[in-house]
Amino acid sequence: MTDKAEYVELHSASAFSFLEGASQPEGLIRAAVDAQMPAIALLDRNGFYGSARFHSAAKANGVRAHIGAEIAVSDLGERLQPPAWLPHQHVPEPVRLPLLCTSRIGYQNLCQLVTRFKMREQRKCEGSALTTDLAEFSDGLVCLTGGDEGPLASALNNGREEAGRECVERLIEIFGRRNVYVELQRHGNRAEEVRNQAALRIAESLRLPILATNGVRYATQYEREVLDVFTSIRNHVSLDKAGRLLQTNSQRQVRSARAMRRLFGDLPEAIENTLLVSQRLEFELNDLGYEFPRFDTPTGELMESFLRKRVAEGIENRYVPKRDAALHERAKKQAERELALIERLGFAGYFLIVWDIVRFCKDNDILIQGRGSAANSVVCYALEITAIDPVGMDLLFERFLNESRSEWPDVDLDLPSGDKREQAIQYVYQRYGELGAAMTANVITYRGKSAAREVGKALGFDDETLGRLSGLIGHWEWRKKDETLGDNFRHAGFDLGHWRIISGSTPAAWSSVRAASIK
Amino acid sequence: MDKRGGMDANQVGEPLYVCVHVQEFATQALTRMRSELTNLPVVVLVGDPPLEAVCSVNAHARRLGIVAGMTRAELDSFPGVTILRRSGTEESGARAALLEAAGAFTPRVEVQECSDTALVMVLDMTGTTLIFGPALHSVNRIAHALGVLRFVIQLAASTNFNTAVCIARSARKEPVIVPARTEAEHLRHLPISALNPTPEQADTLALWGLRTLGELAALPEVELVVRMGQEGKRLRLLARGEHPHLMVPEELLFTLEEFFTFDAPVELMESLLFALCSMLDQLLARAQNRAFALASVTVKLGLDGGGEHERTIKPALPVMQREVLLKLLHLDLQAHPPPAGVMSIFAHAEPGDRSKVQLGLFAPQLPEPMRLDVTLARIAAVVGEGRVGRATLRDTHNPDSFVMERFVVPTSTPGRDGTKRRAVALRRCRPPVTLSVRHEGCHFVSFFLRGKRYTVCEAYGPWRGSGDWWTPEVWSREEWDVRAVAQTDETLLCVITHDLLGHHWQLAALYD
């Protein structure tokens, strides 16, 4: 029996929709907890960048975390823009389709969809999917028609109700009638309500369920200012010049069930459907069903036996020359313990993959060396992944791999820079395929100074003030317990009476500095 | 001297240098704008009192016996003399005007440094016979162009740069044309001083008994070099009209600026306009040299006691008529008079394209700039600055935010919107009407308007908007689309706004 006061927000975006969401995933969860929401969905732009932290925070707070993404689709139309007769600076971009994962299959499909269209791009850009991609990877996904960024809003604006109906029919064709929901959002905008009324007529004519969401871009109303600052940064304009790029109002926060029921008092089923959809979304991020990749042994035998043989050979090669029978015996026993654990945890393939890479490098005169806690493993020593004798040095294997910690092994291999390193990378790609291997890269993030500079630019500070502001960020210390941000500004020589300093020193503005410094 | 020598077709490739010698430049720079001083003796003083001295005089003053170096006290013995102070700004403006006019003939113009008070400008007219004709025609056209700027000049043309400079100094009213290979003949009677020798050189040559360039030119080269070094060789070549010169052309900046100072603070509009009239003539003449009109004119009035009063007029289309510009300035200064007497005027103009809009072969050219701009200026004088033009919406969520832009003549007819849309007319209340609203709980149920109480039957909304949170103009409001009925059964369909920061309710619009 569902509690009538309940509502689930099924369309929110975090700051991992870079510069399009103002709140960290933890902030959204906190807001959901404050609103007594049993579950909340995160749909970041073209990826799952915030989902890991979202899931962890949700678990810690007893909230169910639904996972999905807003996918840009280039052949479903262009995103809604202000009319041409109004001055604005919006640039054309594809519509975004909100997709929610109902199952692991859905998550896998959505991952593959994102991978497909990102890898299709020839140059560095966001990328966008095609409807053919959606059709190929539609299984296990629930599709919403979106808010003003969605295809229905675009179709209704450009071609009226008939075009909107065709758009929804196309989505039904791709995802199936059971998996398409007509999304309604109410942010106090007349044009939006006109589209809502058309969407209602379309939903009724096509016998589709309606779903109320708030198109959340920030956790609290206060953070609308953060989103405006992000919008300015994203469009390389100051707030003074951003015009209609900014938010119209502060209505895209996480709303409570009571507030949403009041807003959709004429459409109670739109609220109730959020609970039904939430129940359908069974997938959670701790249920990825991940398996380590398998290693194709050259002899065709099982990975575990192949590994044992290689380790046994390695123990002989390493310890016989040491002419210490006791050490040799200890090493064999240690190897046996480690191999038993490796087999129990199912990590044999991982060790063989690493061994294979090391072997390739050694055969091709590429310097390679394992480091870190892997040096504590005699299996790694035997496989020539590391160069330190852990048995002779009395190193602790459990630092590397421990059953009770439920962690996966992590072996770091150091390679020289330049062509040799590239050779090793290409070998991995060739061996495991373009889609079987990937570079994980560090994303450049804003730190305090650069975030302060960008926020200051958005607020329209001159270069000198920007320099003072960013120069001070790294040096502030909180000297006394009741010291405020205003104190720091005053000590730095800023006039607290100046309106922009007031705006710039609000918690919202400084949370924008922190939010911009996504780690 | 052959004054009528020209270049024939065989001499097309010969170099041709035309030297413009502006005597007493400091005086001419001041008097060219003051036509009332043309026939009066004028002297220009430089230096700080009581050490002021004459630096330049016009011909009338020279005839009276006034020379450079005289003190102010000595001038007192010459009655009827107009005394002016030297003005670097006016000289710069005059120099720019000369260069500008010269630039219309050739881009290669060099200004020579002179030890006396003259300004010497040499134009390289090589290869221009096909454009301007023989040398005499070129020279006459140059003389005419500079005459329009009210300069009294001496002109000489030669195939040798330095010959033209030497001869121009002594030329009279008619320009002197020196045919090729006759330079020495033309120079021979000129005094040694025409070459600007150093005092030591002049002493040496005087000791040798040399008085004219012809005598210097006749000296043997080797023996002269032995006694005077390479400088002697140079002087000999100059005297023979054979010294080469590497021309270093001025970089001509096209600026339209004029400057004028008054002797005493001027408060009468007529006096200001009189001065502006001649300044506008100069600006227009210079713009016309480059086939431009004036798109805007900025005048900075230097005020008595310090300070500046700056006004800019910008006609809808670039204008060539002085009367239009003067009228616009008149109207503008009338509406925005200077707060104190005016001591100086600095006028700066921006050039603009002279093309006009024409809508059809048999239709008159529209708009007629004079009437359009004067009409706009007259309207602005009545309704105020910034209230005439075209209302343009601003890029902001704040409703009703617009800015007045300058009226421009549309160059194309606006396209028709093919889609037929049903539109509801909305009559905006400007300014909005403040309402007294009655609430029940969180709903407003009635309001009072123009003596009637209206009961709210239906209210759609709230439609929310807020913005400018980073400025003092932060705003936040809700709008309601309301159907209300009065006690007299009169129905009102309207838009009511609630200012959330100011806490007032207003009737913003009526649905028609």
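Here are some short exercises on this predicted model, each with a worked solution.

Residues are numbered from 1 along each chain as its sequence is written, and chains are lettered from A, with ligands numbered from 1, in the order in which they are written. Since the model is predicted, local features need pLDDT of at least 70 and side-chain atom pairs count only at pLDDT 80 or more, while totals for chains, interfaces and linings use all residues; side-chain values use heavy atoms, leaving out hydrogens and water.

**Exercise 1. Take stock of chain A: how many helices and strands does its secondary structure come to, and what share of its residues count as buried?**

Step 1: Get the counting rule straight. Helices (H or I, at least four residues) and strands (E, at least two) are DSSP runs, numbered from the N terminus.

Step 2: With that rule, chain A comes to 20 helices and nine strands.

Step 3: Now for burial. Buried means under 20% relative accessible area, exposed over 50%, and partly exposed in between (1.4 Å probe, protein chains only). Of the 519 residues of chain A, 53% count as buried.

Step 4: Check the contacts too (heavy atoms within 4.5 Å). Among those in chain A between residues at least 6 apart in sequence, 73% join residues at least 24 apart.

**Exercise 2. Work out the order of the seven strands in the open sheet of chain A, and find its edges.**

Step 1: Two strands pair if DSSP finds at least two bridges between them. Strands of a sheet pair through backbone hydrogen bonds, either parallel or antiparallel.

Step 2: Walk across the sheet in chain A and you get β1-β2-β3-β4-β5-β6-β7, with mixed pairing. The edge strands are β1 (9-12) and β7 (210-212) of chain A, as each pairs on one side only.

Step 3: Look at the twist. Ignoring direction, neighbouring strands of this sheet are turned by 35° against each other on average. Axes here are lines fitted to C-alpha atoms, for helices over the stretch in contact, and angles run from 0 to 180 degrees between N-to-C directions.

Step 4: Zoom in on one pair. Strand β6 (residues 180-184) of chain A runs parallel to β7(A), and three bridges join them. In β7(A), Ile210(A) is the bridge partner of Val182(A).

**Exercise 3. Which strands of chain A does helix α5 touch, and where does helix α6 lie?**

Step 1: Helix α5 (residues 151-175) of chain A packs on the sheet, touching β3 (64-78), β4 (94-101), β5 (141-144) and β6 of chain A. Its direction makes about 35° with that of β4(A).

Step 2: Helix α6 (residues 190-206) of chain A lies across β6 and β7 of chain A, running at about 155° to β6(A).

**Exercise 4. Hunt down some backbone oddities in both chains.**

Step 1: Know the usual case. Most residues other than glycine have a negative phi, and most peptide bonds are trans.

Step 2: Try phi in chain A. Arg207(A) has a positive phi of about 60° although it is not a glycine; this residue sits in the loop between α6 and β7 of chain A and is exposed, at 65% relative accessible area. Asp365(A) also has a positive phi, of about 55°, and is exposed at 62%.

Step 3: Try peptide bonds in chain B. The bond from Pro49(B) to Pro50(B) is cis, with omega near 0°, and Pro50(B) is in the loop between β2 (42-46) and β3 (53-57) of chain B. Another cis bond joins Arg430(B) and Pro431(B), with Pro431(B) in strand β15 (residues 426-440) of chain B.
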